[in-house]
Amino acid sequence: ALRSTPRAMSERKRCGSCSKEIVGRGLCVEAVYFHPDCFCCDKCQKPLTGKFHKQDGQRICEACKGYSYCEACRKRIEGKETRSEGRVWHPECFKCTHCEQPIVGSFCRIDGALTCVACRDALTEKPKPKASPEELPKCRGCKQPIEEDESSILADKRDMFHECCFKCRKCAKALNSYVI
């Protein structure tokens, strides 16, 4: 509620904005006094002379009420907006901190920084340690290690073979199936 007091106030009041003494005309809003020029919109800083709105603890004039302001560039958003975590951005300002591309869809925060899924995967991917030849399984046919990226066959008794080493002992033809 906005109440104007045109007469001089009997007790000297201090302005809730500038803290200076109010002499003459003053405003009383929610039990707080203001100079008319000090009672302003928290968005555009223009004096509030009529209806205003409270939004997140701020006083907002009618002209600013319908607009959001970008978290990144602080400019008014007039078109599409991206909302997340109680904040608002221009879609082009809602960017991954790492690759600086606009984030569309899922994202996370790594050490507080906005991060797209692709950068999250790249940052959190741990390279597999390459096994040493002693740790690799040995081929039952040639007795050489079977590398992790090589095609192999697991036969009965947990025997492993390189694909090319899995052959008949009698005729040496490649086996593509077997019966236990």
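**Group meeting: salt bridges, cores and a pocket**

So, a search across the whole structure turns up five salt bridges, and by that I mean a side-chain nitrogen of Lys or Arg within 4 Å of a carboxyl oxygen of Asp or Glu. Before I go on, some housekeeping. This is a predicted model, where local features need pLDDT of at least 70 and side-chain atom pairs count only at pLDDT 80 or more, while totals for chains, interfaces and linings use all residues. Residues are numbered from 1 along each chain as its sequence is written, and side-chain values use heavy atoms, with hydrogens and water left out.

Right, the overall picture. The protein has two helices and 15 strands; these are DSSP runs, H or I of at least four residues for helices, E of at least two for strands, numbered from the N terminus. Of the 180 residues, 27% are buried. For accessibility, buried means under 20% relative accessible area, exposed means over 50%, and partly exposed is in between, with a 1.4 Å probe and protein chains only. On contacts, meaning heavy atoms within 4.5 Å: take those in the protein with a separation of 6 or more, and residues 24 or more positions apart account for 10% of them.

Back to the salt bridges. Side chains of opposite charge can pair when their charged atoms come close. Among the five is Glu 30 with Lys 54, where the closest N and O atoms are 3.3 Å apart. This pair links distant parts of the chain: Glu 30 sits in the loop between strand 4 (26-29) and strand 5 (32-34), Lys 54 belongs to strand 6 (residues 52-55), and they are 24 residues apart. Glu 30 is exposed at 52% relative accessible area, and Lys 54 is partly exposed at 47%.

Another one is Glu 78 with Arg 76, at 3.2 Å from N to O. Here Glu 78 counts as exposed at 59%, while Arg 76 is partly exposed at 34%. Then there's Asp 121 with Arg 120, the closest N and O atoms being 2.8 Å apart. Both partners are partly exposed, Asp 121 at 36% and Arg 120 at 31%.

Now for the inside. In soluble globular proteins, nonpolar side chains tend to be buried together. What I call a nonpolar core is a set of buried Ala, Val, Leu, Ile, Met, Phe, Trp, Tyr and Cys residues joined through side-chain atoms within 4.5 Å. The largest such core here has 13 residues, and those with the most contacts inside it are Phe 34, Phe 39 and Leu 48. Strand 4 and strand 7 (58-61) are the elements that give two or more residues to this core. Apart from it lies another core, of ten residues, with Ile 77, Phe 94, Leu 114 and Cys 116 among them.

What does Phe 34 touch, leaving aside residues up to four places away in sequence? Its contacts include Ser 17, Ile 22, Leu 27, Val 29, Phe 39 and Arg 59. Ser 17 is in the loop between strand 2 (13-14) and strand 3 (21-22), partly exposed at 46%. With the same sequence cut-off, Ser 17 touches Phe 34 and Cys 38.

While we're on serines: is Ser 84, up in strand 10 (residues 82-84), buried or exposed? Ser 84 counts as buried, at 15% relative accessibility. Beyond four places in sequence, Ser 84 touches Trp 89, Phe 94 and Phe 107.

Last stop, the largest pocket, which holds about 390 Å³ of space. The closest residues to its centre, of the 14 that line it, are Lys 43, Gln 55, Asp 56, Tyr 69 and Val 88. Strand 7, strand 8 (68-69) and strand 11 (87-89) each give two or more residues to that lining. By class, the lining has four nonpolar, four polar and six charged residues; nonpolar is Ala, Val, Leu, Ile, Met, Phe, Trp, Tyr, Cys and Pro, charged is Asp, Glu, Lys and Arg, and the others, Gly among them, are polar.

For the method people: on a 1 Å grid over the protein atoms alone, a pocket is an open set of points where a 1.4 Å probe fits, with protein on both sides within 12 Å along at least five of seven lines, and lining residues have an atom within 4 Å of a point. Points are joined across faces, edges and corners, and the volume is the space filled by probe spheres set on them.
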